[in-house]
Amino acid sequence: MPKDGMSVVHFSSFAPVTEMILQSLPAVKDKEDQKAPAIKNFDQLRQRLNSHAGFLILDLEFFQDQQKHRNGVAQIAGKIFETQNSFNYYLYAQNMSAERQLAFLRQYGLRLSEVNGYEVRQIFNRIFHFIAVERPDYIVSWDNGTDFESLNYEANRLKIRKEDRPWRTIQSLDLEKLVAKEVWKSKSGISLEKMCRLLHLPRVKYHQAQNDVMAIEQILKFYFKIVLKPSPM
């Protein structure tokens, strides 16, 4: 059991990443014109939240790759809005610092020969399969620029075709940008933590992907979900 109380995810076998991705992704998401309609304002978001549309809330956390001077994916979590269907993975990377690699092995009680199950290749397989099963209409993030940049970097490295990347084939919604436009009438957003404080939402330990996903879901529920009440007699 890891020190943070979360269960270790063990893997038994793996198919080649390209074959598994192509088998997992639904063909109907291959074309740009088959995306769900873009959400441009609060009214459209309320309508879609109160429809049968599926929303996958996604968040990533990173480590700093000192050699390549860029972010590497350290954690990725997702949850289907208002369901218990979710995932949460911590990742191991060869370009982590030696100290971080050792801390990862100690935290999860792993041998070096076992880390392949925690690398981005295998984690992508599982997330892509999750998405293929759940078939969300939207991917919701809070400031998705860095997240999508890192996902595309890893997909390029793994030679995953652009049309097989869910964050490209599924309509995305940057909730931070939408709130900035609709509430602050500005292009500049605010941090997820500050937004939750302003709305007096329950505190979580921010900058952990699974907690940030919960925070984004709280904002959606607080701000946009319409509860239909019976009309007065």
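**Exercise 1. Strand β4**

Task: In this predicted model, determine which residues of strand β4 (residues 138-141) lie on each side and whether they are buried or exposed.

Solution. Step 1: sort the side chains by face. Tyr138 and Val140 are on one side of β4, with Ile139 and Ser141 on the other. Step 2: apply the cut-off, in which buried means under 20% relative accessible area. The four residues are all buried, and both faces of the strand are covered.

**Exercise 2. Partners of β4**

Task: State in which sense β4 pairs with β1 and with β5, and over how many bridges in each case.

Solution. Step 1: take β1 (55-65). The pairing of β1 with β4 is parallel, over three bridges. Phe55 has Tyr138 of β4 as its bridge partner. Step 2: take strand β5 (residues 171-174), which pairs with β4 in the parallel sense over four bridges. Here Ile139 stands opposite Ser172 of β5.

**Exercise 3. Helix α5**

Task: Find how the span of α5 compares with the expected value, which of its residues are buried, and what covers them.

Solution. Step 1: α5 (145-157) has 13 residues, and the distance from its first C-alpha to its last is 18 Å, close to the 18 Å expected at 1.5 Å a residue. Step 2: the buried residues in α5 are Asp147, Phe148, Ser150, Leu151, Asn152, Glu154 and Ala155. An α-helix has 3.6 residues a turn, so positions three or four apart point the same way. Step 3: the cover over the buried residues of α5 includes the strands β1, β2, β4 and β5, together with α4 and α6 (166-169). Step 4: after the helix comes Lys159, with a positive phi near 60°.

**Exercise 4. The two pockets**

Task: For the largest pocket and the second largest pocket, give the volume, the residues nearest the centre and the make-up of the lining.

Solution. Step 1: the largest pocket holds about 290 Å³ of space. Of its 16 lining residues, Asp59, Trp142, Asp143, His207 and Asp212 lie nearest the centre. Step 2: β1, α5 and α8 (192-198) each give at least two residues to this lining, and β1 has the largest share, with four. By class, the lining of the largest pocket has six nonpolar, three polar and seven charged residues.

Step 3: the second largest pocket has about 240 Å³ of space. It is lined by 16 residues, and those nearest its centre are Ala93, Gln94, Asn95, Glu154 and Arg157. Two or more lining residues come from each of β2 (70-80), α4 (120-134) and α5. Step 4: the classes in the second lining are seven nonpolar, three polar and six charged.

Terms used:
Residues are numbered from 1 along each chain as its sequence is written. This is a predicted model: local features need pLDDT of at least 70, side-chain atom pairs count only at pLDDT 80 or more; totals for chains, interfaces and linings use all residues. Side-chain values use heavy atoms; hydrogens and water are left out. On a 1 Å grid over the protein atoms alone, a cavity is a set of points where a 1.4 Å probe fits but cannot get out, and a pocket is an open set with protein on both sides within 12 Å along at least five of seven lines; lining residues have an atom within 4 Å of a point. Grid points are joined across faces, edges and corners, and a volume is the space filled by probe spheres set on the points. Ala, Val, Leu, Ile, Met, Phe, Trp, Tyr, Cys and Pro count as nonpolar, Asp, Glu, Lys and Arg as charged, and the others, Gly among them, as polar. Buried means under 20% relative accessible area, exposed over 50%, partly exposed in between (1.4 Å probe, protein chains only). Two strands pair if DSSP finds at least two bridges between them. The expected span of a helix is 1.5 Å times one less than its number of residues. Contact means heavy atoms within 4.5 Å.
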